[in-house]
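Please look through this protein chain with me. The report moves from the whole chain to single residues.

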Amino acid sequence: MQLWISNFLFYIILPGMLFYFYCRYGKSRFSLYWACLYVTTQTFLLRLETEMHLPGVLGLLIQISLLALLGYLALGKKTSLTLPVSLFHSILIHTVYSVSHGAVQLFSFWFMEKLSRPFSPIQDIFFYLDGISLFTTIVLTIFLLILVQKYFFLETDRLHRLLLCLFMFPTLFISLVEQTIENRIYGNTIEWDYQLGIIFPHIQHGEMLFLQLCAFLCLFIVLLLCQKIQKALKSQESLRLLEQQTHIQEIYLKESQARLTQTRAFRHDIQNHLLVLTQLLKNGQIDQAREYISLLEPTAAALSFPIQTGLPAVDALLGSKLTMASQEKISVQCELQIPSHAQILDIDWCILLSNALDNAIAACRQVPEQERSLQILGKKKGNFYLLSVKNRCDTCLKKLPAYGTGMTNMQTTAEKYGGTLHVKIIEGCFHLDILLVLFQSSPK
């Protein structure tokens, strides 16, 4: 009975708990189907590891890889989870378990050494202690995993892959050290004498306690450092956004000042133009008057922005960007009308459009002039607004490029309003779709 309970905890409850927290860390609902598949595969691997006498470190690496792979297959399509992030979550969860197991194992051996002979038969005590130790390990692991998620959890989907790797290795190292201690120091065999107590293995509990405390400390130091770096990166990202907002405001001011100068010049000359038109009409020179008005139309048109979206700041930005597109011989189609009553700030519209158009113009430069095209569309449906930017790109480009600063700024701005950002390449065209929530009960 005691052995059955221990096996149930080790082969069913423990892997099921690990997969549950993997789903929590991946910000997805717990999948019973994938959990059962993981538990079954994990049990098979553990039995295979025992039968083939595989080294414990190799077995640990296989278990980490299994959770990362099955977790990625289970959550990859539902969330933005990537394989490196999946591997980091698996390493972190197994490391927390390894540290918990090491601490409980230390106190279990210490307790067994303190057992007195009246507790015989000793075999039953070992069975009980094995189940109790495993149950305690599971409880401690759950507590630590909740603690990590609550106070130290990282937005791993926003971390650069290089940073993920930098934090993977020290975290994995802690887990490997714990596994090595378990295999080389504690082992799988206990020699007991009724008179002397435990003969083998002989454990220096003071040294082991120091090592376990160091393992706990190192784990949380790694998480704390990763958290600090992530906060620093967020601050840099906010700084970049502020710099871009300042740049956009400068563009708007320059455009507005230029048009203000043109308006003043036109107002200065309007009296003379009206006098000329009045004289032509008095003399009955209707055709000459019409020709004179046609000459004034380009001047009047230059006083307004070429694109009218409903937001002056956006109009000024688009005027500047589309002038750049025209200079690059890019044909432009713009059908954009922005709801002025939405909760989205003008400057955030400008951040989205500025980065999208900069990327689009840069991509169009890589294709022949006769193929360069840019399409900007906006569509409102209910409480949602879809901003789409489509442009030609290099036909050799089959894979989406890595996110740069501009794309990160757009994603951050979209998430600010409960939205999403999607990119794809179809037949030599780059598609950028940004979905925004126009009104939010509690704006982020």
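What follows is a short tour of the chain, its sheet, its salt bridges and a few chosen residues.

## Ground rules

This is a predicted model, in which local features need pLDDT of at least 70, side-chain atom pairs count only at pLDDT 80 or more, and totals for chains, interfaces and linings use all residues. Residues are numbered from 1 along each chain as its sequence is written, and side-chain values use heavy atoms, with hydrogens and water left out.

## The whole chain

The chain holds 11 helices and seven strands. Here helices (H or I, at least four residues) and strands (E, at least two) are DSSP runs, numbered from the N terminus. Of the 444 residues, 42% are buried. Buried means under 20% relative accessible area, exposed means over 50%, and partly exposed lies in between (1.4 Å probe, protein chains only).

About 25,000 Å² of the chain is exposed, and carbon and sulfur atoms supply 62% of that area. Such accessible areas come from the Shrake-Rupley method with a 1.4 Å probe; for residues, only the protein chains shown count as cover. Now take the contacts (heavy atoms within 4.5 Å). Among those with a separation of 6 or more, 74% join residues 24 or more positions apart.

## The sheet

How are the five strands of the open sheet ordered? The order is 3-4-5-7-6, with mixed pairing. Strand 3 (331–335) and strand 6 (420–426) stand at the edges. Each has a single partner strand, so one side of each is left without a neighbour in the sheet. From one strand to the next, the twist averages 10 degrees. Two strands pair if DSSP finds at least two bridges between them. Strands of a sheet pair through backbone hydrogen bonds, either parallel or antiparallel.

Look at strand 4 (residues 373–381) and strand 5 (residues 384–392). They run antiparallel and are joined by eight bridges. One residue to find is Gln375, whose bridge partner in strand 5 is Lys390. Helix 10 (residues 346–364) lies across strand 4, strand 5 and strand 7 (429–437). The helix runs at about 15 degrees to strand 5. For such angles, axes are lines fitted to C-alpha atoms, for helices over the stretch in contact, and angles run from 0 to 180 degrees between N-to-C directions.

## Salt bridges

A search of the whole structure finds four salt bridges. A salt bridge is a side-chain nitrogen of Lys or Arg within 4 Å of a carboxyl oxygen of Asp or Glu. One of them joins Asp358 to Lys321, with the closest N and O atoms 2.8 Å apart. Asp358 lies in helix 10 and Lys321 in helix 9 (residues 312–327), so the pair ties together parts 37 residues apart in sequence. Asp358 is partly exposed at 30%, whereas Lys321 is buried at 5%.

Helix 10 also carries Asp348, which pairs with Lys416 of helix 11 (residues 405–416). Their side chains meet at 3.0 Å, N to O. This pair ties together parts that are 68 residues apart in sequence. Is Asp348 buried or exposed? Asp348 is buried, with 2% relative accessibility, while Lys416 is partly exposed at 31%.

Glu328 forms a salt bridge with Arg365, the closest N and O atoms being 3.2 Å apart. Glu328 sits in the loop between helix 9 and strand 3, and Arg365 in the loop between helix 10 and strand 4. Both are partly exposed: Glu328 at 25% and Arg365 at 38%. Together with Arg372, these two are linked in a network of salt bridges.

## Two residues in helix 4

Leu87 is in helix 4 (residues 83–113). Leu87 is partly exposed, with a relative accessible area of 30%. Which residues does Leu87 contact, leaving aside neighbours within four places in sequence? They are Ile64, Ala68 and Met168.

Ser100 also lies in helix 4. Ser100 is buried, at 0% relative accessible area. Not counting residues up to four places away in sequence, Ser100 touches Thr137, Leu140, Thr141 and Leu144. Ser100 and Thr141 are 41 residues apart in sequence, yet their C-alpha atoms are 5.7 Å apart.
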